[in-house]
Amino acid sequence: MRSSPSWALPAPRTAPVPETLQVRPPPRRRRSSPTRRPSRATAGRSTPRPERLRSHGRRHRGERLPMSANASRQDAGLVTLRQAAALWRVLARSGVDEVVSSPGARSTPLLLGALRSGLTVRSVVDERSAAFYGLGVGRAGGTAALLCTSGTAVAHYLPAVLEARHDGVPLVVVSADRPLDRQASGAPQTVDQIGILGAAPLVCCDLGELGPGLDDRSLRWVLRRAGEIVSRARAEAGPVHLDVRLRRPLQPAALPTADDAAGEEEPAVAAPAFVAARPGPGAGGVERLREMLRSSRRPLVVAGPAAPTASGLGPTLARLAESAALPLAVDYASQLRLDRGALPRDAAPGPWRDALLAGLDCRRLVASLRPDLVLQLGRPPVATSWEAAIEEWARRGACHVVVAPRRHDPVSTAALWLQAEVEAVLSELARPQASVLGSEVRDSAWSRRLTLLDREIRRCIEASVADGWHDGAAVRATLEAAEQAVVWLGNSLPIRMANLYAPFAPVATDGGRGPVALVCQRGVNGIDGNVSSWAGVASRSQGGALAAQGAVALLGDVALRHDIGGLELVSRVAERERLAMVLVVLHNGGGRIFEQLPLARAGLDDSTWSHWSTPSPPSFAPVAEQYGLRFVAAEDAAATARGVREGLARPGVATLLQVRLPDDGAARAANGLRAAIERVAEQSAGEGVEGGGEGP
Ligand SMILES: Cc1ncc(C[n+]2csc(CCOP(=O)(O)OP(=O)(O)O)c2C)c(N)n1
């Protein structure tokens with residue numbers, strides 16, 4: 001039996017000791033790689049380095065070894081398998097409710113252990129896709145553990161892990177690793193996996209080596225530590241990384257039967273409780289905000305994207321807005337404009353969809369609005385032009401207040417950040433009476449101006465929809481038809497178009513109730529992994545927090561090409577869950593968002609421009625067929641809406657609805673709309689409805 005790492009054993013006489021070991025033997029506990037030492041550049045980083053831990057790996061004489069006793073006589077593979085199953089049972093008790101495994105040899109004991117633990121185990125070939133799928137499970141309220149083999153496999157998790165960290169989604173990475181003595185030795189499929197995901201996980205922990213060499217106390221430590229870390233992933237809402245070293249044999253001589261399993265001993269390791277302190281605003285913080293609201297003449301409340309599982313802020317916000325005369329501008333992805341838990345229709349006095357949320361870069365409109373207080377609830381709105389707006393207003397003296405558990409102040413304009421959950425602050429503010437929040441001091445010209453702008457801008461948007469066939473009209477048709485569905489809003493144009501073109505009322509115009517929840521990838525805004533993540537969300541969408549009756553995704557064609565492999569998951573989830581799934585791909589010539597950036601006005605020739613505008617093949621039909629999706633093509637709004645409705649009427653079937661759009665449609669519509677809105681802003685200012693003077 002091995003009792004210590006092989007590099008600590010005396011070198012065999014016949015084998016020459018490599019020179020480096022003679023000069024500087026590796027220390028037993030500490031990392032030897034000089035690259036790990038904090039450099040000046042990294043020492044003061046604001047992002048905390050992940051905690052890196054090593055296992056104890058010690059033997060204690062005379063201890064009882066419930067899972068390793070008589071190990072020399074026992075099947076070593078069986079001992080490892082039992083420990084792995086015990087590990088999964090602790091992870092399950094700590095909150096993991098699904099394992100997403102990608103095939104490999106080194107992870108064999110962990111996979112066999114997961115299968116014996118009673119957890120649901122899904123198999124996804126490509127680790128990148130598996131990680132995004134697990135991320136989707138987390139977005140829908142579950143907690144997935146990703147399981148992969150050693151080598152490059154775990155590195156493919158990085159994009160999804162980054163997204164999980166930045167968007168506050170629990171995600172557990174379990175990587176199988178080679179024993180320590182195989183490191184830095186030229187052994188195949190062996191890399192240093194500790195810290196391989198950089199600073200993205202909340203914790204990266206080397207749990208050490210499972211197997212007969214693990215004594216009772218060390219095994220208890222492994223289980224307890226793993227449980228604590230998973231609890232932390234859930235409590236703090238973020239990714240964690242557990243690395244588990246495994247030695248051959250990777251499987252038992254014979255797989256144990258169910259009866260054998262019943263007699264398995266397991267160390268008494270309770271799932272440790274880990275309750276993270278939820279940041280609260282503190283009485284002083286809320287009081288300061290209350291004072292600001294009391295004295296503000298021209299306040300504006302803005303809400304950015306929120307999780308689909310976020311409990312409904314709507315009723316409290318509506319009460320506050322109404323009694324304290326607070327105009328609201330809410331992003332479509334905030335969930336607040338949906339029927340469920342949303343703002344009552346008549347309680348939203350402000351410009352719900354003024355152009356500042358849609359990224360049209362309407363500078364005259366921004367300049368003509370002069371809020372003296374901007375209260376931002378949660379994330380900032382999606383549109384980049386929001387940053388210019390808040391900068392401009394702050395420069396003119398507006399006070400920017402952010403209420404969010406994490407820092408969401410992208411251009412450093414906030415004068416006050418209440419680090420707290422939005423719900424907690426709103427409930428405090430609403431007590432005892434929101435009416436004491438200064439409704440009587442509001443500038444009536446400001447309110448009149450917002451009402452006027454709201455009405456006129458709505459007209460502009462309706463005219464834009466009626467004016468022709470473009471991406472915005474396709475987004476409108478999709479959202480109107482996506483009744484009772486959870487809708488994934490892809491990055492790039494879809495999420496921005498939704499802000500401008502989503503149906504106005506929370507209740508869809510045809511009397512239906514519209515989508516039940518919206519999901520988007522706004523942690524780091526990648527267009528990667530959207531298909532796989534949507535599949536993960538969809539897999540949990542019928543019960544739990546979402547209770548949807550179908551799943552729709554709105555994606556650009558380049559975003560779809562990034563994650564074609566994810567289509568395999570889509571057809572599997574639709575079939576397995578008996579769920580209707582409709583992937584609407586906006587086939588517009590590829591990467592049309594770039595046409596709306598200043599770059600497009602730089603006079604680039606076609607050859608240079610082709611590095612941004614990247615057209616897709618003429619049809620996605622062959623791809624749909626390959627992955628088992630039903631294919632439908634649409635070329636106008638009516639066919640798009642019909643395609644979505646018919647797709648949602650087919651439980652168990654995944655549909656790829658290809659919506660063909662004119663290549664320049666989105667840019668033309670955006671330019672027309674921007675010009676119309678800027679005219680409205682100028683005219684309303686000219687009519688003397690200016691909404692207050694400079695500064696507060
Ligand atoms: C992983 C990743 N790569 C690149 C980008 C940069 N990017 C943002 S939008 C975009 C083009 C998206 O094109 P498409 O999906 O066709 O949507 P459209 O712009 O036409 O709406 C790219 C490449 C990104 N956000 N994420």
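This report walks through two sheets, three helix pairs and a few single residues of the structure above.

The model is predicted, so local features need pLDDT of at least 70 and side-chain atom pairs count only at pLDDT 80 or more, while totals for chains, interfaces and linings use all residues. Residues are numbered from 1 along each chain as its sequence is written, and side-chain values use heavy atoms, with hydrogens and water left out.

**Two open sheets**

Helices (H or I, at least four residues) and strands (E, at least two) are DSSP runs, numbered from the N terminus. Two strands pair if DSSP finds at least two bridges between them.

Let us start with the sheet of 5 strands, which is open, has parallel pairing and follows the order S9-S8-S10-S11-S12. Strand S9 (328-330) and strand S12 (416-418) stand at its edges with a single partner strand each, so one side of each is left without a neighbour in the sheet. Neighbouring strands here are turned by 15° against each other on average, direction ignored. Strand S11 (residues 399-403) pairs with S12 in the parallel sense over 3 bridges, and Val402 stands opposite Trp417 in S12. Helix H12 (residues 385-395) packs on this sheet, touching strand S8 (299-303), strand S10 (373-377) and S11, and its direction makes about 145° with that of S10. Contact here means heavy atoms within 4.5 Å.

The other open sheet is formed by 6 strands in the order S14-S13-S15-S16-S18-S17, again with parallel pairing. Its edge strands are strand S14 (517-520) and strand S17 (630-634), each of which pairs on one side only. The twist averages 20° from one strand to the next. Strand S13 (residues 486-489) runs parallel to S14 and is joined to S14 by 4 bridges; Cys520 in S14 is the bridge partner of Leu489. Helix H15 (residues 471-481) packs on the sheet and touches S13, strand S15 (551-556), strand S16 (581-587) and strand S18 (654-660), with its direction at about 170° to that of S16.

**Three helix pairs**

Axes are lines fitted to C-alpha atoms, for helices over the stretch in contact, and angles run from 0 to 180 degrees between N-to-C directions. Angles under 35 degrees count as roughly parallel, over 145 as roughly antiparallel, 65 to 115 as roughly perpendicular and the rest as oblique. A crossing is left-handed if the near helix is turned anticlockwise from the far one by less than a right angle, and right-handed if clockwise.

| Helix pair | Axes and angle |
|---|---|
| H17 (residues 530-539) and H19 (residues 567-577) | within 8 Å, roughly 15° |
| H5 and H17 | 6 Å apart, about 40° |
| H3 (residues 76-93) and H4 (residues 108-117) | 7 Å apart, about 55° |

H17 passes H19 in a left-handed crossing. In this contact, residues of H17 including Trp534 and Ala538 meet residues of H19, among them Leu569 and Val573. The contact of H17 with H19 divides into 8 nonpolar, 2 polar and 2 charged residues. Here Ala, Val, Leu, Ile, Met, Phe, Trp, Tyr, Cys and Pro count as nonpolar, Asp, Glu, Lys and Arg as charged, and the others, Gly among them, as polar.

H17 also packs against H5, and these two helices are oblique to each other with a right-handed crossing. Phe132, Tyr133 and Arg139 are among the H5 residues in this contact, and Gly536 and Val537 are among those of H17. Its residues divide into 6 nonpolar, 6 polar and 1 charged.

The crossing of H3 and H4 is right-handed as well. The H3 side includes Leu81 and Trp88, and the H4 side includes Leu110 and Arg116. That contact counts 9 nonpolar, 3 polar and 2 charged residues.

**Arg139, Asp167 and two loop residues**

The structure holds 36 salt bridges, each a side-chain nitrogen of Lys or Arg within 4 Å of a carboxyl oxygen of Asp or Glu. One of them joins the side chains of Arg139 and Glu163 (3.1 Å, N to O). Arg139 lies in helix H5 (residues 127-139) and Glu163 in helix H6, so the pair ties together parts that are 24 residues apart in sequence.

Asp167 also lies in H6 (residues 158-167). Leaving aside residues up to four places away in sequence, Asp167 touches Arg139, Arg379, Cys520, Arg522 and Gly523. Asp167 and Arg139 are 9.3 Å apart in space, C-alpha to C-alpha.

In the loops, the peptide bond from Arg248 to Pro249 is cis, with omega near 0°. Asp361, although not a glycine, has a positive phi of about 60°.
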